[in-house]
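Here is a short tour of one model, for a reader who likes to follow the strands. Have the sequence and the structure open as you go.

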Amino acid sequence: MKKYLTIMLLALITTACVNDDTDFSDLINGGGQPEQPEEVITPIDIALDFTDLDEDDDIVPTDETDEAYNDYEENTEWSYTINVAYNGDEVTLTGNTARVRYTIEGAHVVIRSTSNRVHYVLSGQSDNGSFKVYSENKFKLTLNGLNLTNPNGAAINNQGSKSLYLVLADGTDNTLTDGTAYTDTDGEQMKGTLFSEGQVLVSGHGSLNINGNARHALVSDDYFRFRPGCKIYVKCTTGHGIKANDGIIIDGGVLNIEVSADGCKGIKCDSTMIVNGGRTTIIATGGVAITPATDIAPADTSSCAGIKCDYPLTINAGSLLLKATGEGGKGINNTGDININGGSVQIVTTGIKGLASPKAIKGEAKLIVNGGYLYSYSANSSPIDANGDITVAEGYTLWETKTQRVIISFQ
Amino acid sequence: MKHLSKTIALVALLVMPLTAWAGDDDTGLIVGAAAEKKFNKKASIELEAEFRSRNDFRTADRISLGLSGAYKPLKWLKLDAGYQLLIDNNIEKITYNEPTIDDDGLEVINYNNWRPSYWGLRHRVFASVTGSYKIGRVELSIRERWRLTYRPQKTTTRYDFDNQQWEDTQVRSKTQNILRSRFKVDWDIPNCKVDPWASVEVFNNSILDKVRYSLGADYSIQKRHVFSAYYRYQRIYNDDEEGNAHYLGLSYTFKF
């Protein structure tokens, strides 16, 4: 028995004394200690930009087999118009009101519709009103100079799963605001100031200001498409600025987004996101949100970000300007690949490194730069962190890597 | 001294051929010790500790401590469950950027990040059912074991080659469910203290994860001391962090 135990003991002490790490000592200076930044770099200034953008209108597809065909309200003949005029604590419905059933309580309107091709035009002002639609079919909603506040929930609430064509009437200013506490309806969701179960397709040459004070600001449980011409300003103090379950497509327009709550994102997309144009500016100022441990899960942390996307994020054209100032705040935090094929992506993060690292780009997968312009700056961390490979195509004119800043340009 | 020399020679004889024979596969050592307390013919508990090495026996891979209980409602049926604390030496991870071509036309490796190996904890619970059947002095058994392993989040460091700096990195928490299915044959040789055995065990994690083939022998002294020596080949089918490996195993169990 002693001999066997001796064998076991010797087997232990004669093995397992050597590290199997690769020897990188010829590539790594400093003996494992973090190095100081080689120079202090002053980043570019990123601020909300409400100036007009000189952009062409998009081309409306005419081929019904085009997968985007149904995203364009121009491809539907809207036969029935219902005007909804808010005036303080009252609201008046005129037009083809016989096509739908509706109830009015103060300035709160609930529409129940089985009709097709209905076009609602909302205008006026109310500090205690809302517009809620149960529709079995897609519908068009034009905001024609509307200033609507619902102290108890969403200002606009689409409970139907079909398309909502949100048109900002040319030259109009529109504002939607929610209250600080929601009164929920059993069995229904109401995730933000403008909430839609179906896809939201935004067009028109007007402007829309959305204030989120309780949950998120602009939410679709389906997807968003933003078309050239629209001007949108989102300000949310409690949740994400824009949130979509099934994707976001930005074809154009001017989007300004401000979020300030801990852990919140300017854009939170649970599916693919594509930027084809426009100018999107996001300022995220929140810190790290901490989810306490439970019996079944450990504590978790989430930092704020300009864009958080769980699937591939592709930028083909347009401008993305992202700034995060809170602890660990990131510009882009992506689970899927990040593809930059064109356009301009400029990111600045100035937050401190604490529970999270303030990267300009944090990718769980690949970062692929095939074109365009990428500027990434992080005051207190490395600007780019991709767990997958970082691939830059041939033909770039500038690829500068510094401790705080990485610039890749094909221009 | 003479005995010690013989023993060292014996260990070397066991280890060296295995390393040479393994080729590209890794080789390692598993050394275990356990104490088992039987309350009666049906119930028992066991406290065990185990050490594993990798990198052709040169690097410590894992230390584990476990406590389990077993119950035999029928002579041919055994139920057991337990907990293990695993202290792992997690293997290094290197990521790469796109390679470039130098002036001589040769491909240049561009490193992205290097996370050196690091020690971390895991918690594991398991429950299993074993059915056995005797044919003469040969016992056939099948064991189905469900295993849940939880790795807490861990902050470690990595070197960022692009920015030439060390930085903190979070290794995310992870939970893994595995179903292990083992078929074992034990042979009780008459009038012999050495009992050989062989087993094959399949690990399923929704898809085939790995298979272990083991061949060994137990040596008992007065039924209180059981020594085991075995060879194990581990074939990996779906695991980024483990490779195929040959193991030499030694264990001792004290029963009281």
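Two strands count as a pair if DSSP finds at least two bridges between them. Keep in mind that this is a predicted model.

With that in hand, take strand 17 of chain A, residues 242–244, and strand 20 of chain A, residues 265–269: they run parallel and are joined by three bridges. Lys243(A) has its bridge partner in strand 20 of chain A, and that partner is Lys268(A).

Zoom out, and both strands turn up in an open sheet of 12 strands in chain A, ordered 3-4-6-8-11-14-17-20-25-28-31-34. The pairing in this sheet is mixed. Which strands sit at the edges? They are strand 3 (101–105) and strand 34 (384–386) of chain A, each of which pairs on one side only. On average, neighbouring strands of the sheet are turned by 10° against each other, direction ignored.

Next, back towards the start of chain A. Strand 1 of chain A runs antiparallel to strand 2 (residues 90–95) of chain A, and six bridges hold the two together. Asn83(A) has Thr94(A), in strand 2 of chain A, as its bridge partner. These two strands form a hairpin with two residues between them, where Gly88(A) takes a positive phi near 65°.

Just ahead of that hairpin comes Trp78(A), in the loop between helix 1 (2–13) and strand 1 (80–87) of chain A. Is Trp78(A) buried, exposed or partly exposed? Trp78(A) has 16 other C-beta atoms within 10 Å, so it is partly exposed; the buried class would need 20 or more, the exposed class 12 or fewer. Leaving aside neighbours within four places in sequence, Trp78(A) is in contact with Arg117(A), His119(A) and Lys140(A). Its C-alpha atom is also 8.3 Å from that of Phe139(A), although the two residues are 61 apart along the chain.

Over in chain B, a couple of loop residues have backbone angles worth a look.

| Residue | Phi | Loop in chain B | C-beta atoms within 10 Å |
|---|---|---|---|
| Asn191(B) | about 55° | between strand 11 (174–187) and strand 12 (194–205) | 4 |
| Ser206(B) | near 65° | between strand 12 and strand 13 (207–221) | 9 |

Asn191(B) is not a glycine, yet its phi is positive. Ser206(B) likewise has a positive phi in a residue other than glycine. Why does Asn191(B) count as exposed? Because it has 4 C-beta neighbours inside 10 Å, and 12 or fewer is the cut-off for that class. Ser206(B), with 9 other C-beta atoms within 10 Å, is exposed too.

How values were computed. Residues are numbered from 1 along each chain as its sequence is written. Chains are lettered from A and ligands numbered from 1 in the order in which they are written. This is a predicted model: local features need pLDDT of at least 70, side-chain atom pairs count only at pLDDT 80 or more; totals for chains, interfaces and linings use all residues. Axes are lines fitted to C-alpha atoms, for helices over the stretch in contact, and angles run from 0 to 180 degrees between N-to-C directions. Two residues are in contact if their C-beta atoms, placed from the backbone, lie within 7 Å.
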